Amino acid sequence: MASTDGLVPITRAFLASYYDKYPFDPLSVEVSRLSDQIRDMCNDLVEESPASEGEKVLLEEVEQGPPHKVDENMWKNREQIEEILLLLEDSHLPASLKKQSGDEDSEFETVLGRLREKFNSTLDILVSFQAKNSEFVFNTVMTYMPQDFRGSLIRQQRERSERNKQAEIDSLVSSGGSIRDKYALLWNQQMERRRQLADLGSATGVYKTLMKYLVGVPEVLMDFIRQINDDHGPIEEQRERYGPPLYSLTKMVQSIRFFLTLLWSRLENRKLKKDEFSVLEDAAETYTSEFERFIKFIGVVFLNSPFFVTAEEAGTLTARKYEEYKEISIPAGEIHELSVTVDSINSYVAWDFLLVQGKMTLQDVGFSIECTDLSEKTTKILPYRRYEADQGHFCACIPGSYKLVWDNSYAAFFRKVVRYKVDCIPPVVESESVETAAD
């Protein structure tokens, strides 16, 4: 487990100074110029033939402007690229275009091929960026978790959650859901990931019982994952710094998709103008190259961005607060027993204790664990041994009463003071809302 001694979560002020080192070179002026041209051509097409109800919905979305959050813009760009690629499929081309022949047809097919290649390449880059970024954040958080069953439980929960989310997507697509429907669900899932991260930070929901026993997990980590995505938290600085160029690219790809939708629906009654496709190809080239440049840039920023800084750097000091251990005094010649009831198999029984040492000599205490199952049969789980301190856990294979025994019966004169924490952690399952959605 990596150490966070002397560290506090990143602050917005610190991120501002960090981002000063990573200025983003302005977008090409072609982004603005071509976006304006595409919008003008959209207006011309609507003047030729009034927009349908479906086209009005797209127009409203374009006019609303891009989302505020950086990651939501990434999902919006991904959605629009998929919609464009769908429109460029042979099965979705207007019948009038399919009837073209000769040199005209050959030129058109060449342009279509280039458009498909550009958007497919950009889509692959974006998908890879999102996957790597998600994995990087999760693995960074896990670096500061105890590297034992507790971290494993959180990983298991995440893996199960991701399988359920993918099953939701597959089910939606197989039942005929649209690309819009798919991305609405993907964004809802992203919000669910944020909620789970916040739950982990505040020890609520599925993580509540697990976090009760996360001995040694620094509070700085809990603070970080709880506040990182707040509307006015550290990431807001990122939105203000790098949002504007991304917003311009989001608006551009929305306009390209809207233009293609309008154009395709009107080509049954009019011919394709050569300059329309020329502008479209220029816009696609500019958008894909600039968006790929932005993805590469922001990937470097994310990779090097600090999660924690020293208290001095952040200009604040925070005291760590850990749950209190219980303390018992075991007289000489006696034992202390603690029973833990396990109701579900695959629960974890976990303990952490140390002997408060006296001033005269180093001391130890006997420790063992046994289980009495529902049929009253007793089984030794952990054999007797003497310790100065110990931390451990095991997965319960059967329900029953698990007895932890601290033994000072061998001592003739000295009592033993033991500081301990014991808990039973039930099997990790997802929250009811996630289970229901998965079903």
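I take the expected span of a helix as 1.5 Å times one less than its number of residues. Helices (H or I, at least four residues) and strands (E, at least two) are DSSP runs that I number from the N terminus.

**Entry 1: ground rules**

I am working on a predicted model, where local features need pLDDT of at least 70, side-chain atom pairs count only at pLDDT 80 or more, and totals for chains, interfaces and linings use all residues. Residues are numbered from 1 along each chain as its sequence is written, and side-chain values use heavy atoms, with hydrogens and water left out.

**Entry 2: helix α4**

I began with α4, whose 19 residues reach 27 Å from the first C-alpha to the last, close to the 27 Å expected at 1.5 Å a residue. Next I looked at its cover, calling a residue buried under 20% relative accessible area, exposed over 50% and partly exposed in between (1.4 Å probe, protein chains only). By that scale α4 is mostly covered, with 17 of its 19 residues buried.

**Entry 3: salt bridges**

I then listed salt bridges (a side-chain nitrogen of Lys or Arg within 4 Å of a carboxyl oxygen of Asp or Glu). The count came to 21 salt bridges.

I picked out Glu-55 and Arg-266, whose side chains meet at 3.1 Å, N to O. This pair links distant parts of the chain: Glu-55 sits in helix α3 (residues 53-64) and Arg-266 in helix α11 (residues 235-266), 211 residues apart. Glu-55 counts as buried because its relative accessibility is 6%. Arg-266 is buried too, with a relative accessible area of 5%.

Back at α4, I found Lys-76 bridged to Glu-61, with the closest N and O atoms 3.3 Å apart. Here Glu-61 belongs to helix α3 and Lys-76 to helix α4 (residues 70-88), and the two are 15 residues apart. Both Glu-61 and Lys-76 are buried. I followed this pair further and reached a network of salt bridges that links Glu-61, Lys-76, Glu-79 and Arg-180.

For a bridge inside one helix I noted Arg-293 and Glu-290, with their closest N and O atoms 2.9 Å apart. Both lie in helix α12 (residues 274-304), 3 residues apart, about one turn of the helix. Arg-293 has 26% relative accessibility, so I log Arg-293 as partly exposed. Glu-290, at a relative accessible area of 10%, is buried.

**Entry 4: a sheet with β5 and β8**

On to the strands, which I call paired if DSSP finds at least two bridges between them. As a reminder to myself, strands of a sheet pair through backbone hydrogen bonds, either parallel or antiparallel.

I traced 4 strands forming an open sheet in the order β3-β10-β5-β8, with antiparallel pairing. β3 (326-330) and β8 (389-395) stand at the edges with a single partner strand each, so one side of each has no neighbour in the sheet. The twist averages 25° from one strand to the next, with axes being lines fitted to C-alpha atoms (for helices over the stretch in contact) and angles running from 0 to 180 degrees between N-to-C directions. I also saw that β5 (residues 348-356) pairs with β8 over 7 bridges, in the antiparallel sense. Phe-353 stands opposite Asp-390 in β8.

**Entry 5: a sheet with β6 and β7**

I traced another open sheet of 4 strands, ordered β4-β9-β6-β7 and antiparallel in its pairing. Its edges are β4 (335-342) and β7 (378-387), each with a single partner strand, so one side of each is left without a neighbour in the sheet. Neighbouring strands here are turned by 15° against each other on average, direction ignored. β6 (residues 365-373) and β7 pair in the antiparallel sense over 7 bridges. Finally, I looked up Thr-372 and found its bridge partner in β7, Thr-378.
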